[in-house]
Every structure is written in C-alpha cells, then in structure tokens.
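Colleague: I am new to this structure and would be grateful for a close look at a single part of it. Would you please take the open sheet of chain B and describe how its strands are arranged?

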Amino acid sequence: MSAKRRGMGIYCASLFGFLYLPLVVMIIFSFNDARRNVVWRGFTLKWYKALFQDAELMSAMLTSLELALAAAGIAAVLGMLASYAMVKHKPFRARGAYDALLNVPLMMPEVALGVGILTFLVRAGYELDFMALASSHALICLPYTVAAVRARLISLQESSLEDAAMDLGATEWQAFVKVTLPLAMPAIISGALLSFTVSFQDFVTSFFVAGIGIVTMPIKIYSMMKFGVTPEINALSVCLLVATFILIGFNAAFAVRPDEGARH
Amino acid sequence: MSEDALLEVGPLNKAFGTSPVLRDVSLTVRKGEFMTLLGPSGCGKTTTLRIIAGFETPDGGRVRLSGVDVTDVPAYDRDVHTVFQHYALFPHLSVADNIAFGMRMDKVPEAEIKKRVPEALAMVKLAGFETRRIQSLSGGQMQRIALARAIAGRPAVLLLDEPLGALDLKLRKEMQLELKNLQKRLGIAFIYVTHDQEEAMTMSDRIAVFNQGRIEQIGTPGEIYETPKTSFVADFIGGANIFSAKVLRGEPGRAHLLLEDEHELDVPLDPNESLPGIGARVKVAIRPERVKVFYKDELPFGLIRFDAILKDTVFLGDACQIYLQMFKKHPERLTIAWAGGDRYAVHDDMDVPVIAAVQPDDVYILEPDYV
C-alpha cells in the first residue's frame, strides 16, 4: 500500500515537474544578472526595467491588448447570438451542420485557416488592417464563446424563464434583455476572457494575416528570438504568465457561481 | 355557451410532427371556477394549458377569453398568468422584483407596485420577504412566491402546471387546501394541471379527465367518481373493477346483463341514457369500496350476491384490500374489494368461500372506449 502510494507520489511529482519545471527555470533566469542564460550571477530587476523602456515592445503589447479586446468583444456578441439561435429555435434543417461548422475553427489546423483567411482577404481586395486581424481572431475565438454560452442558455431554457417573463407581459425582446441576457452574462464574460487569452497568445493566424505595421506581442517575441533567448524575453514571458494567471482567476470567479444557478 | 363563461376553448387539435397530441379538446371555464385538467403524462393536458397561455398555437380550434378570440394574441398580451412546474423565478432578481416584474411590464405606477407587492406576499403568507434572494428560499417558499408573482397582476385566469409536483407529500397536502382557499378569496378562475387524482378531487369545482389527447369526461369530482363514463375514467379516478358484460334485455331505466358470461344481474340505468343494443358487449365498472365481503352466510336485502373465493388480503393501514375470485370461467380475473382499516378483516386463510355483494346502482355501464 505505502509503496504504491510512494510510486503514485513520484509519478505525480515527475508529471508536474515535466509540466512546470521549464516555467520555473524561466522565472528564475528572468532575475539573473547575466547576459546569457547559463550561469547564475546574482539577482537583478534590470531586465524588467529594460522591458518597460523598450518602446517597440510596449507598442506590440498595446497592439495585442487592443486586438484581444476587439476579438473578444466580437466573439462574445457573435457567440451569444449564435448560441441563442441554436438553443431558442426548434430543430431546424441542417442544424447539425450549423453546430459542426461553428466548431470547425477549433479543429482546423491554424496554418490552413491562416492561409485561407489571407487568400480570401487579398482576393476580396480587403486591406490587411487592424479590423481584418481582429475579425480573424474573433473567428478562432468563436467556438470558445459558443461553448461557454450555449451550456448556460440550455439550462435557462429548461427552467422556462423566458416563458415566464413573456407570460408576465414581457415582449420577446424585453424577456431577452431583462431575463436571458443578465443571466447569461457570467457565461458571456467567461467566454470573452477565454477568447481574450486565445487572441492574445495567437501567433499563426497573426503571422499570416497581420499586414505591414501590425506587430503583435507573439510576433515581436518571435522576431526577438532570432538572436537567441535573452533575459528580456524571459522577463517578458514571466509578465505574460502572471497576466494569464490573473485572467484564469477571473474566469474561475465568473464561471463558478453556484448561487447564480438558474435551476433549483 | 353559458353566460358566465370566461374561457371557451375548442375544438382544439394539435400534432407534434405526425403524432397527434390533442383531438377535439373543448372546454369551458366559468368565472371563479377551479377547473382541473387531469390525466397521465403525455395525455395532452399540459399542451392544452400552453395553448391557453399562448406558448403554443393550435392546428385547429380557437381560444376565447371573456368573449374575445385570443388564439392569435401573443402570450404577453393575454390576461392569463402561469405558475410553472419548476416555479421559473428569476434568480437574478429579489423576491419583490420577481413579484413586481409583471406589473412593471404592464406599466403599473411604482407607487401602486409598492402597495401590491406586500399584499401579494401577505396572500401567500410570506409577508416581509421582499428583499430575500431567490436562492435563499426553500421549495415551498419558492412555490408561494411563484404564486404571488402570478396573482399580483390580477389576471382573469390563472394557469397552474403541476405546481405542487416538486413538494413533499405533507407540504403538498397543506398547499392544496391553501390554494383552494386562496382561489375562493381571489375569485380568479384557476386552471390546474395535475396527474394526481386525489389532488384533483380535493381542490376542483370541475375536473376534465384527459386520455391520449382527448377529454374523456368533464364533471364535478362527485360526478366523475360516482358516474364514470368510460373505463379509463373509472380506473384512473379511484380505481375500479372493470368487467365485460353482454346486454341480455332491457327496458327504460334498467338493463339485464350477463357478467363475464356467468352471472346475470339487473342494473338500473340513468333515464336520460340510451340503452346499448340487445346483445351488445359492454364494459361494467364496480368500485372496490362498494364490494362488500361476507364471511358468513348473511346477506342484507337488495344486494346482488356472488359466490366467491377469498384469494388474498393485504393490510394497508387505513384500509384492507381483499382479492376475490368471482368467476369460475375466468379464475384469473380477480376482483378487488376494499374494507375499512380493520385488522380483523385480514384473514390468514386463503381459498375460503365467501360472499361478495354489491348494490345494483353501484354497477355502472361504461361507454365504449375511444381507442
């Protein structure tokens, strides 16, 4: 029994080690007072300082934030509407195909998607501007928002809340705005947060679709990497890591709210 | 129909896909009446309610409320409110805002709402609950709030879709009487959907018994119980022994039957009812509690007497169920009799000869089944 437990312990430790040790190394070396990542020379914050003084990097950061915000916003609105259509309406023709098509961006190789979007935009004569990139990101994010919102809408539907609102005199629009939307909001926000991280860290699609002058954070990091992994990159990655954990925390706070449950 | 008819429905037809769920359902509800739609699940009672509420459109038939055809009027413009099976309270609103929801939609002035919310809460005995969150309520309290929300807007008709289904037995019994009292005080017509025949008997002014998308019988609880028209009604309400019989001969007011090919008996008929043709096969119902069992050879005058064999007795606490074999040609067809909750009625002996007896007017000739 105890040998079995110890075996289990070792297994878990090595699993988590495999997953997180590289991150730990990265975090440690972001504080290393040396140009190269091999030897420890003492603690410093200078890489972080350099990071925030790098105008190009900061502008890439801003671009990525704006992009993620726009993509998350578009995906949230579209995802809500798509889910509402799927849940609200009685099974319509080609419903299965509709469901499957919404999930395609999740499974399709991003390279194919990137090439496809680029070809389409160029053929359509559309300029490769910020909105083009934001829309492409929204496309990748859509399956995440749909997944989050649809589950919530189904449980709302089952508890006949919209019927109850209409029974009490609310028009369909009032029932949607006063009952369904506020109750679906936690799921919409949760989906939007997920979209935000998906967009923020996206490299492949951005790489294909970003026109001249649009440099997102992952693209910037990639270009910096051409000269090897510098301590600045370590520091930058640590910043992103912290930001991601904060977002995950937010997401958990919004997604798990048992007292907001619509069903009793 | 009649002058005090508030709601007239019918003849409703509705099919989901190819399967019909309502066939010629017609119903009239009077002002201040407690009407129950009773039947097993899938019988069409909830669909009828949803058509009255405006959530479903009938394929055929009309809904008239206070003399106005509302068939094509959307749910939010109908003067009916619904109490839903799972309450459907808005979890993001307080108790007061839940109750005020309908009035706000109807643009009732806030000052008036401020007055009517506590009134509605007092009606359901939850005064002072205004600021409570929905999640903090028990099942029984949610039920009352759902009721308060539905009556606060003073609808002409209140629809209730198995509102007590999720409550435990004791609470359900309490709520039954309370609902009935509330309905009398408010004077609002209630249309109440349930599959529980006891609930229907306790509360209703009239009951419409549904089966497979049809109304089999509409009547007061007494009428439904005392004179069930079909074998479904007889069996669903209170349970019944149903036998097959052949009409040997008849005269106005009485019929002479051959029961299960072996017992001849005279059955009085309702003078309004026409006699089934001579030689016709009919179904006959006898309530278990109207079958008397005698262990000794004593027979009060005027009863129809059967020689029977006692097959089994089951003591149920408040009653005793006795299984009898009354027919030699059909020994597998057992008759059930109910005796009072007397432990001495329970016999340990099996296969003893006894006498089963019924009053002639406790034998009902049923109409042929629809299906």
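Modeller: The following account begins with chain B as a whole and then turns to its open sheet. Please note that this is a predicted model.

Chain B has 371 residues, of which 40% count as buried. Its C-alpha trace spans about 75 × 45 × 35 Å along the principal axes, and its secondary structure comprises eight helices and 20 strands. Among the contacts in chain B with a separation of 6 or more, 64% join residues 24 or more positions apart.

Within this chain, six strands make up the open sheet, and their order across it is β6-β7-β8-β3-β9-β10. In general, the strands of a sheet pair through backbone hydrogen bonds, either parallel or antiparallel. In the open sheet of chain B, the pairing is mixed. The edges are taken by β6 (80–83) and β10 (214–219) of chain B; each has a single partner strand, so one side of each is left without a neighbour in the sheet. From one strand to the next, the twist averages 20°.

One pair in the sheet may be followed in detail. Strand β3 of chain B covers residues 34–38, and strand β9 of chain B covers residues 206–211. These two strands, β3 and β9 of chain B, run in the parallel sense and are paired over four bridges. Within β9(B), the residue that B:T36 stands opposite is B:I207.

Note on methods:
Residues numbered from 1 in each chain as written. Chains lettered and ligands numbered in written order. Predicted model: local features only at pLDDT ≥ 70, side-chain atom pairs only at ≥ 80, totals over all residues. Pairing = 2+ DSSP bridges. Axes fitted to C-alpha atoms, helices over the stretch in contact; angles between N-to-C directions. Buried ≥ 20, exposed ≤ 12 C-beta atoms within 10 Å, placed from the backbone. Contact = placed C-beta atoms within 7 Å.
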